[in-house]
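Student: Please take a close look at a single part of this structure. I would like its setting in the chain and in the fold described in one connected answer.

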Amino acid sequence: MVSLLGTNAGGHLGWIQKRCAICNRKLIVGKDRVYQCPRCVKLGIPAYFCEADYRVVHGKCPYCGTELTPIV
C-alpha cells in the first residue's frame, strides 16, 4: 500500500492553515480563532483574520464592509 507524502499527506498543516490578511500570522483552524469574510472568500480573495485584527476592524471586513464570521 502506498502512503501519501509531503503536502498531500493527511496530517499536513497545509489543509487547515490560513494566514491573517492584515498581520500575516499563521492560523490553524480548530486551534486558533479564525474569522473570514463570506463575501470575499466566495470571490476567491483569501480574507482570513486573527482574533486581534478582528477586534481592530470591529468585526467588519476592511475590503467590503461585510460582517466577519468565525470558522468552526
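Tutor: Helices and strands here are DSSP runs, a helix having at least four residues and a strand at least two, and they are numbered from the N terminus. The model is predicted. On that basis, glycine 65 sits in the loop between α2 and β5, the latter covering 69–70. Glycine 65 is partly exposed because its relative accessible area is 40%, and partly exposed means between the cut-offs of 20% and 50%. Its C-alpha atom is 9.6 Å from that of arginine 39, a residue 26 places away along the chain.

The helix on one side of this loop, α2, spans residues 51–56 and contains aspartate 53. Aspartate 53 is buried and forms no salt bridge. The nearest side chain of opposite charge belongs to arginine 25, at 7.8 Å, whereas a salt bridge requires a nitrogen-to-oxygen distance within 4 Å. Beyond its neighbours within four places in sequence, aspartate 53 contacts Cys20, Ile22 and Cys23.

As for the whole protein, the secondary structure consists of two helices and five strands. Read from the N terminus, the order is β-β-β-α-β-α-β. Of the 72 residues, 25% are buried, and aspartate 53 is one of the buried residues. Among contacts between residues at least 6 apart in sequence, 39% link residues at least 24 apart. The exposed surface of the protein is about 5,200 Å², with 57% of it supplied by carbon and sulfur atoms.

Key:
Residues are numbered from 1 along each chain as its sequence is written. This is a predicted model: local features need pLDDT of at least 70, side-chain atom pairs count only at pLDDT 80 or more; totals for chains, interfaces and linings use all residues. Side-chain values use heavy atoms; hydrogens and water are left out. Buried means under 20% relative accessible area, exposed over 50%, partly exposed in between (1.4 Å probe, protein chains only). Lys and Arg count as positive and Asp and Glu as negative; His and the chain ends are not counted. Contact means heavy atoms within 4.5 Å. Accessible areas come from the Shrake-Rupley method with a 1.4 Å probe; for residues, only the protein chains shown count as cover.
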